[in-house]
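The following exchange concerns how descriptive terms are justified by computed values. Each answer sets a value against its criterion and then concludes.

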Amino acid sequence: MTAALVAGLLAGYGIAVPVGAVATYLVSLTARTSLRTGVCAALGVATADGLYALVAALGGSALAAALRPVLVPLRWASALVLVFLAVRGAVTAVRHYRGHRLATRSTPPPPSPARAYLALLGITLLNPTTVIYFAALVLGTRAANAVSPLEQGVFVLAAFAASASWQLLLAGGGALLGRLLTGSRGRLVTALVSSGVILLLAVRMLL
């Protein structure tokens, strides 16, 4: 039981801690909206990680074999989604900044917490890094002795808890950043930098 708990925690932190495009977008989204929206978005990321951990625990090596043919389409789909989010974030930030200066545009409504949850859930499910990570995890763990359903459940819950704790920490950092950058220019710079980083990560994903 302890081994399953530790393995789940390590698996959850292993996929969550490296800062990539999804983490960058989560911090930027929270900075531009609210902590509540950021928390829901963070839980969307953790839910995707938990689902992959569940499939990894139940699917066995057949999961890895089934995923191999679609890894390239998943990589392209993920990159296109990230590029769209980066461009939309930059355009929205520029419009917001100009509208604030000219006082002629209204602020675009922020995404609802439910929409933020679903958006980050979908983005993370499309993330090929997550797919490859848990596929490799499956191949590694299936070489060992079979585990009980209880241990599988502990592994999945631990992986979810680890991912959720880290994503919530990122959301909290984004909320703090949003409070510090109260000026319209500061928020514009933050959004543009975030969009640039996401674009670079999306391009790197395809190379």
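Q: What makes residues 102–106 a stretch of low confidence in this predicted model?
A: In this predicted model, pLDDT remains under 50 over residues 102–106. Local features need a pLDDT of at least 70, so this stretch does not qualify for them. The model has four contacts for these residues beyond four places in sequence. For the chain, the average pLDDT is 76, and 71% of the residues score at least 70.

Q: How do you know that the length of helix α6 agrees with its number of residues?
A: Helix α6 comprises the 14 residues 113–126, which at 1.5 Å a residue should span 20 Å. The C-alpha atoms at its ends are 20 Å apart, so the two values agree.

Q: Why are the buried residues of α6 said to lie on the same side?
A: The buried residues are Pro113, Ala116, Leu120, Leu121, Ile123 and Thr124. They cover an arc of only 170° around the axis, and therefore lie on the same side of α6. The face turned away from that buried side carries the exposed residues Ala114, Arg115 and Leu118. An α-helix has 3.6 residues a turn, so residues three or four places apart point the same way.

Q: Why is helix α2 called largely enclosed?
A: Ten of the twelve residues of α2 are buried, so the rest of the structure largely encloses this helix. Among the buried residues are Val22, Tyr25, Leu26 and Leu29. Helix α2 covers residues 21–32; its expected span of 16 Å agrees with the 16 Å between its end C-alpha atoms.

Q: Why is Thr37 called buried?
A: Buried means under 20% relative accessible area; Thr37 has 4%, so the term applies. Thr37 is located in helix α3, and beyond four places in sequence it touches Leu29, Pro111, Ser112, Pro113 and Ala116.

Q: What makes the pair formed by the side chains of Thr37 and Ser34 a polar contact?
A: The cut-off for a pair of N or O atoms is 3.5 Å, and these side chains make their polar contact at 3.2 Å. The distance is therefore within the limit.

Q: How do you know that Ser163 is buried?
A: Ser163, in helix α8, has a relative accessibility of 0% and so counts as buried. Beyond four places in sequence, Ser163 touches Gly12, Ala16, Val45, Ala46 and Asp49.

Q: Is Phe155 buried or exposed?
A: Phe155, also placed in α8, has a relative accessible area of 12% and is therefore buried. Its C-alpha atom is 4.2 Å from that of Gly8, although the two residues are 147 residues apart in sequence.

Methods: Residues numbered from 1 in each chain as written. Predicted model: local features only at pLDDT ≥ 70, side-chain atom pairs only at ≥ 80, totals over all residues. Heavy atoms only, no water. Helix = DSSP H or I, 4+ residues; strand = E, 2+ residues; numbered from the N terminus. Expected span 1.5 Å × (residues − 1). Buried < 20%, exposed > 50% of the residue type's maximum accessible area, 1.4 Å probe, protein only. Arc of directions from axis to C-beta. pLDDT = per-residue confidence, 0-100. Contact = heavy atoms within 4.5 Å. Polar contact = N/O pair within 3.5 Å; in protein donor to acceptor, adjacent residues only side chain to side chain.
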